Amino acid sequence: MKKGKSPTVGYLLAFFLGGFGAHLFYYQKYLKAVIYLLIVIFSAGKLLPLTMVLGWIDMFFIKKWQKEYSEREEKVSKRLPETPTQLPFTKGITQVKKLEPSPEKILLQKGKEKFYKEEDIILPEYAHLETPLYIRKEIEELKNSVKAKKSSSPAIEITFSKTEFMKDSIKYADMKLNKADFVPLKVYWTTFRDLDERQKRWYFYWRYQALNGNYLDTDLSYVILFVYELLNYTFNQNAAFNVSMMVRLREAYKDRLPDLDRYIVPWIRDMLVELNEIELAYKWGLGAEPYSGFNFYQIFKEYQDDISKIPMEEWRKVLYGYSETTFFKTNAKKVYAVFEQALKLFQRINIEEGLDLEKAWFRPEEKIETYHFFGSAVIGRNVPSRIIKYLQYVPTDYFYNEVTALFRLSENVARLLAGVTRQIQVNEEWLPPGFKEALLEEIKRLDLTKDVGLKSRFSPDKGVKSRFTQVASAEEEEVKHVIPPRPVQTTGINGEEIEPELDLPEIDIPENRSRIRLSDEEVDVEGFISSLTEEESKFISTFSNGKKSINEAEEQLRDQGVPVTIFVEQINAKAEEYLEDVFIELIGEEYVINEELVTVWEEVERRNRHEN
């Protein structure tokens with residue numbers, strides 16, 4: 001039968017060692033105990049008399065704590081299944097008598113042979129990884145210290161260093177449980193000392209199942225605890241196994257535990273960098289822009305076989321100079337659906353023409369940086385930072401311009417499909433010739449017959465291919481600051497002229513963007529002009545040919561102390577209210593009047609001239 005805590009021991013600890021919080025550690029009042037201990041440490045012992053007095057005062061609460069502890073243990077024992085009341089792994093945690101487990105019940109087993117097949121877990125991609133000698137030596141020294149501690153007499157422990165986590169991990173490395181009930185665990189920087197007896201039972205059972213390919217539902221804290229064991233090489237000293245197991249955990253739980261990727265992906269990358277496996281580390285984010293921040297290159301690599309599967313929120317982050325229109329706000333799902341088809345078609349055309357999106361969209365830059373390992377992890381072993389050299393892949397101007405053109409064109413196509421003829425401005429020179437018509441044809445065919453592909457009507461054009469050649473070389477990329485547009489293509493595969501043959505009578509594709517008239521009943525032009533302040537009216541009137549550079553805009557508003565972006569947003573907010581569209585768009589380094597609202601701009605300019 002399990003022994004409870006002795007009040008006599010509690011009183012003795014409070015009287016003689018109360019200043020160090022020993023009695024509080026005894027009754028598992030860890031927070032208060034640590035506070036006592038830190039007071040003594042940071043005061044260099046000067047405040048020890050104060051904490052001793054506090055310890056003596058705590059003697060009045062020993063009886064209450066003793067009762068709370070007994071009641072808690074009684075509740076736990078009632079919930080546990082019929083198993084031996086003492087398990088081997090409790091030695092060193094609470095001082096109790098060891099009992100031999102019964103083979104007929106739920107057993108915790110320990111032995112020299114591994115309870116999992118290491119070779120089945122190691123992935124071929126990481127099979128060549130070898131653990132550095134200095135790590136092996138460090139783990140061996142820790143193992144020897146754990147053995148020495150087992151042979152010595154029990155002692156009260158008041159240290160919770162990361163090295164102690166490694167020792168606990170070594171001590172529990174051979175533990176497994178054949179059955180246990182799930183117990184919730186939500187702890188940051190999880191260690192074994194954060195787990196009670198039932199949580200330990202679940203962890204050893206869950207870990208045993210995971211090692212044999214059965215990834216049970218569990219809390220993130222349990223998964224992170226196992227990852228800590230792998231990062232520290234304390235559960236297994238084979239680097240190939242540790243990296244492979246982390247990859248398997250990530251694949252098994254990335255959908256069920258969405259927060260896992262925030263931790264395990266950079267840790268896998270860190271482990272590979274530590275092993276000097278830079279090429280493998282690229283797969284896990286090394287070389288993104290930067291590897292610790294925006295990582296669209298990593299996202300692209302993950303979905304490079306079908307870029308339409310990249311989450312829409314990631315695409316929205318890289319749109320260049322796009323302001324949400326009233327149409328978009330009310331038809332966002334339709335625009336996204338068209339954009340998804342546009343991405344599919346765009347990637348298909350590039351593949352058929354032999355063009356490499358990765359080379360066009362990203363360029364390598366050599367980086368030499370101080371690399372810091374295993375942020376936010378419990379790491380007890382020595383892992384110093386180091387200087388590493390690697391290639392960082394950053395998006396090119398082609399990337400931003402082509403993606404933005406695709407998204408803007410998708411909104412225009414969605415407008416046409418909805419019967420709205422007014423179009424927003426699109427730089428279609430960044431897209432393959434005739435792409436808009438091809439996208440409309442693709443959508444129509446998909447509506448009629450599912451899974452019917454659209455063969456590209458565009459022959460490989462050397463002019464188009466050349467843009468990929470330009471960005472393939474870092475040296476040439478630095479020289480070429482002006483990005484050549486896609487050439488206009490007029491011939492097909494057999495030399496014949498390309499003429500889109502579309503059977504879309506219900507869709508009116510305007511040759512030019514339709515401009516609203518001042519008398520248009522659908523919008524309130526007079527209301528918009530009347531709502532403009534004198535400064536806003538003057539700002540709009542000074543556009544030259546409907547354009548104004550960012551520098552010019554900033555200079556004009558400098559005396560007012562208003563940021564250009566906020567000033568333009570105020571004008572656009574009024575335009576959306578009265579004209580149902582944005583009035584000023586940011587395209588490249590210029591603010592541009594929305595082409596379909598040019599007549600309104602001309603009217604504002606005329607009135608401002610007349611007043612002055």
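pLDDT is the predictor's confidence in each residue, on a scale from 0 to 100, and it is a sensible colouring to begin with, since what you have open is a predicted model. Averaged over the protein, pLDDT is 77, and 76% of the residues reach 70 or more.

**Whole chain**

Show the cartoon for the complete protein, whose secondary structure comes to 27 helices and seven strands. Of its 612 residues, 47% count as buried, and among the contacts with a separation of 6 or more, 70% are between residues 24 or more positions apart.

With the confidence colouring still on, select residues 78-111, where pLDDT stays under 50 and for which the model has 58 contacts beyond four places in sequence. Then select residues 448-513, a second stretch with pLDDT under 50 throughout, for which the model has 114 such contacts beyond four places in sequence. Helix α21, residues 462-472, has the lowest mean pLDDT among the elements of the protein, at 39, whereas helix α11, residues 239-253, has the highest, at 96.

**Helix α11 and its surroundings**

Select α11 next, and compare its length with expectation: from the first C-alpha to the last, its 15 residues reach 21 Å, close to the 21 Å expected at 1.5 Å a residue. The helix is mostly covered, with twelve of those 15 residues buried; including Phe241, Met246, Leu249 and Tyr253, these also take in the polar or charged side chains of Asn242, Ser244 and Arg250. To see what covers them, add α6 (118-121), α9, α10 (220-231), α12 (260-274) and α14 (296-302), against which the buried residues of α11 pack.

Zoom in on Arg250, which lies in this helix and is buried, with a relative accessible area of 8%. Which residues does Arg250 touch, not counting those up to four places away in sequence? They are Leu260, Asp261, Ile264, Val265, Trp284 and Glu302.

From there move to Leu231, in helix α10, which at 0% relative accessibility counts as buried. Its contacts, leaving aside neighbours within four places in sequence, are with Met246, Trp267, Met271, Phe374, Ala377, Ile379 and Arg381; Met246 is one of the buried residues of α11. For a distance to check in the viewer, the C-alpha atoms of Leu231 and Asp270 are separated by 9.5 Å, although these two residues are 39 residues apart along the chain.

**Helix α17**

Select residues 332-352, helix α17, whose 21 residues should span 30 Å at 1.5 Å a residue, which agrees with the 30 Å between its end C-alpha atoms. Its buried residues are Val335, Val338, Phe339, Gln341, Ala342, Leu343, Leu345, Phe346, Gln347, Ile349 and Asn350. In an α-helix there are 3.6 residues a turn, so residues three or four places apart point the same way. Just after the helix, Gly354 takes a positive phi of about 75 degrees.

**Two loop residues with positive phi**

Most residues other than glycine have a negative phi, which makes the next two stops worth a look. Gln28, in the loop between α2 (22-26) and α3 (30-42), has a positive phi of about 65 degrees although it is not a glycine, and it is partly exposed, with a relative accessible area of 32%. Trp189, in the loop between β2 (176-177) and α9 (197-211), likewise has a positive phi, near 50 degrees, and at 54% relative accessibility Trp189 counts as exposed.

**Met59**

Return towards the N terminus and select Met59, in the loop between α4 (48-58) and α5 (62-79), which at 23% relative accessibility counts as partly exposed. Beyond its neighbours within four places in sequence, Met59 is in contact with Tyr11, Ala14 and Phe15. The C-alpha atoms of Met59 and Pro7 are separated by 9.9 Å, with their positions 52 residues apart along the chain.

**A helix crossing**

Finish with helix α24, residues 534-541, and helix α26, residues 564-579, whose axes come within 11 Å and cross at roughly 95 degrees. Angles of 65 to 115 degrees count as roughly perpendicular, and α24 and α26 are therefore roughly perpendicular to each other. Show side chains for Glu535, Glu536, Phe539 and Ile540 of α24 together with Phe567, Val568, Gln570, Ile571 and Lys574 of α26, which make the contact. These residues divide into five nonpolar, one polar and three charged.

Definitions and conventions:
Residues numbered from 1 in each chain as written. Predicted model: local features only at pLDDT ≥ 70, side-chain atom pairs only at ≥ 80, totals over all residues. Heavy atoms only, no water. Helix = DSSP H or I, 4+ residues; strand = E, 2+ residues; numbered from the N terminus. Buried < 20%, exposed > 50% of the residue type's maximum accessible area, 1.4 Å probe, protein only. Contact = heavy atoms within 4.5 Å. Axes fitted to C-alpha atoms, helices over the stretch in contact; angles between N-to-C directions. Parallel < 35°, antiparallel > 145°, perpendicular 65-115°, else oblique. Expected span 1.5 Å × (residues − 1).
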